[in-house]
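Dear colleague,

I am passing on a structure that I would like you to look through at your own pace. Please open it beside this message, and then read on for what was found in it.

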Amino acid sequence: MERINQAGSESEAKLYVASGAIGGFDLMRAVRFGGLGDAEIHTTKNPHSLNGAPYLDGKELPEHQEQLVFKGSSREAIAGFPKNVNVAVSMALATLGVDETRVKISSCPGLETNIHDIRLNGDFGTIEIKVAVKPSEKNAKSSTLAAWSVLALLEKMSQTIML
């Protein structure tokens, strides 16, 4: 992050981060001004989409029971599940940062959607966001919504009025 910020400062370049499969970045960034105290995301996916992640160290997740697979910071989550939880890092950048944003990852056999439960608490109150989207047919570790968010960001960058 420091290298990216330094390079951007020196070159006046910008790095745009798409919202991926969650959205709500405007709200997440806004609550930082209102005393954001806690930020957590709980992602639940089918074990097939989580298997193969470095954190699992070659172990296959059970096909017969739901299981909490990981609990830690966003920084730890992306290191252990680099193809599965990019939303955790994006959320962290919009809220408290990669070391303060908490992440839980669960495996749920038979689940046909990727579920992201987001909870923000602070002086402003509580915000809960739940997103349940179908995984991409070509890449079960992600969703088509993640690709659409890139298209939406590119469209936004070309518009005069940005929402």
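Before we turn to single residues, a word on terms: helices (H or I, at least four residues) and strands (E, at least two) are DSSP runs, and they are numbered from the N terminus. With that naming, Asp 57 can be placed in the loop between α3 (47-50) and β2. Please keep in mind throughout that this is a predicted model.

Let me begin with the sheet. It is an open sheet of 5 strands in the order β2-β3-β1-β4-β5, and its pairing is mixed. The edge strands are β2 (67-73) and β5, each of which pairs on one side only, and the twist from one strand to the next averages 15°. In general, strands of a sheet pair through backbone hydrogen bonds, either parallel or antiparallel. Here, strand β1 (residues 36-45) and strand β3 (residues 102-107) run parallel and are joined by 6 bridges, and Lys 45 stands opposite Ser 107 in β3. Helix α5 (residues 86-94) packs on the sheet, where it touches β1, β3 and β4 (114-122), and its direction makes about 170° with that of β1.

Next, consider Lys 130, which lies in strand β5 (residues 125-133). Is Lys 130 buried or exposed? Its relative accessibility is 58%, and because exposed means over 50%, Lys 130 counts as exposed. Leaving aside residues up to four places away in sequence, Lys 130 touches Ile 115, His 116 and Asp 117. Lys 130 and His 116 are 14 residues apart along the chain, yet their C-alpha atoms are separated by 5.7 Å.

Two loop residues also deserve a look. Glu 12, in the loop between α1 (2-11) and α2 (25-31), has a phi near 65°, which is a positive value in a residue other than glycine. Asp 57, whose loop was described above, has a phi near 50°, again a positive value in a residue other than glycine. Glu 12 is exposed, with a relative accessible area of 70%, and Asp 57 is exposed as well, with 67%.

Finally, which residues make the nonpolar surface patch of about 650 Å²? They are Tyr 16, Trp 148, Val 150, Leu 151, Leu 154 and Met 157. Leu 151 is found in helix α6 (residues 144-157), and at 55% relative accessibility Leu 151 counts as exposed.

With kind regards

Methods:
Residues numbered from 1 in each chain as written. Predicted model: local features only at pLDDT ≥ 70, side-chain atom pairs only at ≥ 80, totals over all residues. Heavy atoms only, no water. Buried < 20%, exposed > 50% of the residue type's maximum accessible area, 1.4 Å probe, protein only. Contact = heavy atoms within 4.5 Å. Patch = residues over 30% accessible without salt bridge, like charges linked within 9 Å, V, L, I, M, F, W, Y side chains within 5 Å. Areas by Shrake-Rupley, 256 points an atom, 1.4 Å probe, with all protein chains shown as cover. Salt bridge = Lys/Arg side-chain N within 4 Å of Asp/Glu carboxyl O. Pairing = 2+ DSSP bridges. Axes fitted to C-alpha atoms, helices over the stretch in contact; angles between N-to-C directions.
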